[in-house]
Amino acid sequence: MSYTVPLPRGSNLPDPLPTELVALRERIRDQPEDVRTELEPLLDEVLEHTVFRNRVMLIAREALERFRLELAAMQFDLEATKRERE
């Protein structure tokens with residue numbers, strides 16, 4: 001799945017969206033008014049969930065990266081303490 005930048009109208013969030021969802025949004029915009037009125041709210045909800053999921057994944061990745069860094073620092077401290085005691 002590839003990603004691109006555009007978001008729903010009126011949104012100021014810079015999160016990238018899958019190109020498939022952007023293409024779907026464009027196809028919905030080309031539909032007659034009654035179809036658009038029915039589908040746009042559903043698509044907006046999907047886009048909102050996608051942005052939320054992407055942000056949660058980013059936060060989780062950052063937390064895991066911090067955890068790994070802290071773990072490496074603790075291992076270094078443990079090894080240094082062991083060497084001091086020898």
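Visitor: Leaving aside neighbours within four places in sequence, which residues is R36 in contact with?

Guide: This is a predicted model, so read each contact as a feature of the prediction. Beyond that sequence window, R36 is in contact with I28, R29, Q31 and P41. R36 itself sits in helix α2. One polar contact goes with this: a polar atom of the R36 side chain lies 3.4 Å from the backbone oxygen of R29.

Visitor: Step back. What pattern does the protein chain follow along the sequence?

Guide: The order is β-β-α-α. That comes to two helices and two strands.

Visitor: How do I check the span of helix α2?

Guide: Count residues, then compare the expected span with the distance between the ends. Helix α2 covers residues 33-85, which is 53 residues. At 1.5 Å a residue the helix should span 78 Å, and its end C-alpha atoms are 77 Å apart, so the two agree.

Visitor: Where does α2 have a kink?

Guide: At L39, with an angle of about 30°. The proline P41 follows shortly after.

Visitor: Which residues of α2 are buried?

Guide: First, the general idea. An α-helix has 3.6 residues a turn, so residues three or four places apart point the same way. Now the case here. The buried residues of α2 are R36, L43, L47, T50, V51 and A80. Their cover includes β2 (17-18) and α1 (19-29).

Visitor: Is T50 buried or exposed?

Guide: Buried means under 20% relative accessible area. T50 has 5% relative accessibility, so T50 counts as buried.

Visitor: What does the side chain of T50 meet there, and what does T50 touch farther along the sequence?

Guide: Take the polar side, then the contacts. T50 is in helix α2. A polar atom of its side chain lies 2.9 Å from the backbone oxygen of V46. Setting aside residues up to four places away in sequence, T50 touches L17, P18 and L21.

Visitor: Which residues make up the largest nonpolar core?

Guide: Seven residues: L17, L21, V22, I28, L43, L47 and V51. The elements giving two or more residues to this core are α1 and α2.

Visitor: How much of the chain is buried, and what is its accessible surface?

Guide: Of the 86 residues, 17% count as buried. The accessible surface comes to about 7,200 Å², and 59% of that belongs to carbon and sulfur atoms.

Visitor: What share of the contacts joins residues at least 24 apart?

Guide: Start from contacts between residues at least 6 apart in sequence. Of these, 31% join residues at least 24 apart.

Conventions. Residues numbered from 1 in each chain as written. Predicted model: local features only at pLDDT ≥ 70, side-chain atom pairs only at ≥ 80, totals over all residues. Heavy atoms only, no water. Helix = DSSP H or I, 4+ residues; strand = E, 2+ residues; numbered from the N terminus. Buried < 20%, exposed > 50% of the residue type's maximum accessible area, 1.4 Å probe, protein only. Contact = heavy atoms within 4.5 Å. Areas by Shrake-Rupley, 256 points an atom, 1.4 Å probe, with all protein chains shown as cover. Expected span 1.5 Å × (residues − 1). Bend = angle between axes of the 7 residues up to and from the residue. Polar contact = N/O pair within 3.5 Å; in protein donor to acceptor, adjacent residues only side chain to side chain. Core = buried A, V, L, I, M, F, W, Y, C linked by side-chain atoms within 4.5 Å.
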